Amino acid sequence: MKLFQNLFAKDGGITVGAPVTGTLIDITEVNDPAFSGGILGKGVAVVPSGTRICAPVDGTVNTIFPTGHAAAVTSKEGAEVLIHVGLDTVKLEGRHFTIHACEGQEVKKGDLLLEADIERIKAEGYDVTTPVVICNSDEFSEFHMPESGAVSQGDEIMTLKK
């Protein structure tokens, strides 16, 4: 099975879908040096207009933060995808977030992980920009991102190759 996955990753790559509907932007535009500087890994970001945060890949949920502001899913091919809803939103201590998945859960691309009341989060003064980062970026040789602009949940936002 692992050999098949490696062959698949080398051929077509791993596609990562938008976890939420919104506007795709380059990670360097995120107003947080941990994300914009690539400290947590390579990636992109979505400025959400939607409220449903969904699995960007088929895989396993390895982390759901108890505050509901972030989740991490490992794809079947081994990409560790972190979705961080907003900047500094851990300080909301769970307000305006609803958790719909649990650690260890198998998910398909598009399965609901979290819901975020984007308007209330903005009303409390938080930036809702949502980085989508590959935490094990060093395991991939190529990253491709489509043009910035409007995306719907599930649209391809990154392609990775080993």
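Tutor: Let's start with a cut-off: buried means under 20% relative accessible area, exposed means over 50%, and partly exposed is what lies in between. Keep in mind that we're looking at a predicted model.

Student: Okay, so why is Cys135 called partly exposed?

Tutor: Its relative accessible area is 38%. Partly exposed covers what falls between 20% and 50%, so Cys135 gets that label.

Student: And what makes Cys54 buried or exposed?

Tutor: Cys54 has a relative accessible area of 2%. Buried means under 20%, so Cys54 counts as buried.

Student: How do you know whether Cys135 is in a disulfide?

Tutor: Check the sulfurs. A disulfide needs two cysteine sulfur atoms within 2.5 Å. The closest cysteine sulfur to that of Cys135 belongs to Cys54 and is 19 Å away, so the pair is too far apart for a bond.

Student: What about Cys54 and its nearest cysteine sulfur?

Tutor: That one is in Cys102, 16 Å away, and Cys54 is in no disulfide. By the same 2.5 Å rule, the count comes to 0 disulfides.

Student: Moving on, why is strand E11 called mostly covered?

Tutor: E11 spans residues 130-134, and 5 of its 5 residues are buried. Thr130, Val132 and Ile134 point one way, Pro131 and Val133 the other, and all are buried.

Student: Which strands pair with E11?

Tutor: Pairing takes at least two bridges. Strand E3 (residues 42-48) pairs with E11 in the antiparallel sense over 5 bridges, and strand E7 (residues 80-84) does so, also antiparallel, over 3 bridges. Val132 in E11 stands opposite Val44 and also opposite Ile83.

Student: What makes E1 and E12 edge strands?

Tutor: They sit in an open sheet of 3 strands, ordered E1-E14-E12 with antiparallel pairing. Strand E1 (14-17) and strand E12 (142-144) each have a single partner strand, so one side of each lacks a neighbour in the sheet. The twist averages 20 degrees from one strand to the next.

Student: How do you know that E1 and E14 are paired?

Tutor: Two bridges would be enough, and 4 join E1 to E14 (residues 156-161), running antiparallel. Val16 stands opposite Met158 in E14.

Student: Which residues have the most contacts inside the largest nonpolar core?

Tutor: Val16, Leu113, Ile157 and Leu160, in a core of 36 residues. Leaving aside neighbours within four places in sequence, Ile157 is in contact with residues including Val16, Leu24, Val44, Val132 and Met145. A second, separate core of 10 residues includes Ile27, Ala70, Ala72 and Val133.

Note on methods: Residues numbered from 1 in each chain as written. Predicted model: local features only at pLDDT ≥ 70, side-chain atom pairs only at ≥ 80, totals over all residues. Heavy atoms only, no water. Buried < 20%, exposed > 50% of the residue type's maximum accessible area, 1.4 Å probe, protein only. Helix = DSSP H or I, 4+ residues; strand = E, 2+ residues; numbered from the N terminus. Core = buried A, V, L, I, M, F, W, Y, C linked by side-chain atoms within 4.5 Å. Contact = heavy atoms within 4.5 Å. Axes fitted to C-alpha atoms, helices over the stretch in contact; angles between N-to-C directions.
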